[in-house]
Amino acid sequence: MKKLLAGAAIALMGMSGVAAADGHANYPERPIMMMVSYGAGGATDFQARIVTMTAGNEDALGMPIAILNKPGACGRVGWNWLATQAEADGYTLGAYNIPHFVAQSIKGGVQYSADTFEPIANWGADPAVLVVGADSEFNTLQDVVDFTKANPGKLTTSGAGLFVGHHIAALQMEKAGDMKMAYIPTKGGGAAAMKAVIAGDVMAGINNLSDAFRAAQAGSVKILAVADLERNEFLPDVPTMMESGLDVDNSSVNFRGVMVPKGTPQGIIDKLAATVPAMFENKRVAGKMKAGSPMHIMTRDEVLAMWAAREETLKELLAGL
């Protein structure tokens, strides 16, 4: 932690000339707002509040970050607002969800794309998981596959919406298993999708590990498989879908992080890029994220590479849909 903060401090000193040239040497001079495209209490909102909790510290930005929720249409409402109405002055940040906003831009009908925003840093990687009710007759992924193959289109499966990580995982499952599920995009995001599983309104659900982890701990659901390349530290006994026989990779993993609108001064982008990853490393932040919220910290350059790779993968997966 000390080494990371020291490195950030050195980077900031080196950038002082750039920031000054842009007229933003004292940034930030007032509190900052970060827009979250999902409702209060959901996984993205919950995590965003944790990872920004130390922003006001002297060894971070020195100013607090307030969360502004703009939910609707699986994130489209908030990201359209960030792309078209938010000031590109460094005082309005946005939380991103990948593959969500990239997949949505590929399918069209929105006013943003990966080129509309500038990434700052990534804080988490939340894989999709397959869940069923605690009293479900399904105990393994193979049980679900066998039922779905025998009953095409009858496995009702909840998810947070269209062209979000949950939906991407469902599409991959269908392709890998040569089967057809009844994917139901649920109004109200991941929380509502999980409630549908718990209430027995659907036979299964695809949700974020972070939401499913809490529900499983409460005894409300069973987690049958993880859509990732390897098992998750929070669920060491739960196999990946690949282990269970379905060729589903990590394309649906929900990467979460911070971005700003295109046009934000480069000096501000540089300062945020140098400071925010160290802010995520704070021990208080890491401690609060241990409740089933997997962290995966990436720098701006690493996020740029991840965005580009995800865009190529999603274009191939979504072609023809």
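**Exercise 1. Burial and overall build**

Find what share of the 321 residues in the protein chain is buried, and decide how the chain compares with a globular protein of its length.

*Solution.* Start with burial: in this predicted model, buried residues make up 55% of the 321 residues. Next, count the secondary structure, which comes to eleven helices and eleven strands. The radius of gyration is 20 Å, close to the 20 Å that the globule rule gives for 321 residues, so the chain is as compact as a globular protein of that length. For the outline, take the principal axes: the C-alpha atoms fill a box of roughly 65 × 40 × 30 Å. Finally, look at how the chain folds back on itself. Of the contacts with a separation of 6 or more, 78% are between residues 24 or more positions apart.

**Exercise 2. Surface and charge**

Work out how much area the protein chain exposes, and how far apart the mean positions of its positive and negative charges are.

*Solution.* The exposed area is about 13300 Å². Carbon and sulfur atoms supply 52% of that area. For the charges, there are 26 positive and 32 negative ones to place. Their mean positions turn out to be 4 Å apart.

**Exercise 3. The nonpolar cores**

Identify the residues with the most contacts inside the largest nonpolar core, then list the partners of M173.

*Solution.* The largest nonpolar core has 82 residues, and F101, M173 and W307 have the most contacts inside it. Now take M173 and set aside its neighbours within four places in sequence: what remains in contact is L130, L141, M179, M181, I206, M241, L246 and V248. Apart from the largest core lies another, of 16 residues, including M194, F213, V221 and V238.

One of the residues in that other core, M194, leads us to D211. This aspartate is found in helix α8 (residues 209-217) and touches A43, G190 and M194, not counting residues up to four places away in sequence. With a relative accessible area of 13%, D211 is under the 20% cut-off and therefore buried.

**Exercise 4. Helix α4 and its surroundings**

Is α4 largely enclosed by the rest of the structure or largely open, and which elements do its buried residues pack against?

*Solution.* Begin by going through the helix, residues 100-107. The buried residues are H100, F101, V102, A103, Q104 and S105. That is six of the eight residues, so α4 is largely enclosed by the rest of the structure. The elements they pack against are α3, β3, β4 (117-126), α6, β10 (254-261) and α11 (300-318).

Zoom in on H100 next. It has 5% relative accessibility and so counts as buried. Beyond four places in sequence, H100 is in contact with Y38, W79, F163, V164, G165 and N254. At the other end, α4 is followed by G108, whose phi is positive, near 90 degrees.

**Exercise 5. Backbone exceptions**

Find which peptide bonds, from Y27 and from I98, are cis, and which residues other than glycine, C74 and F163, have a positive phi.

*Solution.* Recall the background: most residues other than glycine have a negative phi, and most peptide bonds are trans. Check omega as the opening step. The bond from Y27 to P28 is cis, with omega near -5 degrees, and P28 is found in the loop between α1 (2-21) and β1 (32-36). A cis bond also joins I98 and P99, with omega about 20 degrees; P99 lies in the loop between β3 (92-98) and α4.

Then check phi. C74 has a value near 60 degrees and sits in the loop between β2 (65-69) and α3 (76-84). Its relative accessible area is 19%, so C74 is buried. F163 has a phi of about 60 degrees and lies in the loop between β6 and α6 (165-177). F163 counts as buried at 13% relative accessibility, and, as Exercise 4 showed, F163 is in contact with H100.

**Exercise 6. A partly exposed glycine**

Locate G153, classify its accessibility, and give its distance from A309.

*Solution.* G153 is found in the loop between α5 (141-150) and β6 (156-159). Its relative accessibility is 35%, so G153 counts as partly exposed. Setting aside neighbours within four places in sequence, G153 is in contact with K180, M181 and A182. Lastly, G153 and A309 are 156 residues apart in sequence and, C-alpha to C-alpha, 31 Å apart in space.

Note on methods:
Residues are numbered from 1 along each chain as its sequence is written. This is a predicted model: local features need pLDDT of at least 70, side-chain atom pairs count only at pLDDT 80 or more; totals for chains, interfaces and linings use all residues. Side-chain values use heavy atoms; hydrogens and water are left out. Helices (H or I, at least four residues) and strands (E, at least two) are DSSP runs, numbered from the N terminus. The radius of gyration is taken over C-alpha atoms; the globule rule is 2.2 Å times the number of residues to the power 0.38. Buried means under 20% relative accessible area, exposed over 50%, partly exposed in between (1.4 Å probe, protein chains only). Contact means heavy atoms within 4.5 Å. Accessible areas come from the Shrake-Rupley method with a 1.4 Å probe; for residues, only the protein chains shown count as cover. Lys and Arg count as positive and Asp and Glu as negative; His and the chain ends are not counted. The place of a charge is taken as NZ of Lys, CZ of Arg, CG of Asp or CD of Glu. A nonpolar core is a set of buried Ala, Val, Leu, Ile, Met, Phe, Trp, Tyr and Cys residues joined through side-chain atoms within 4.5 Å.
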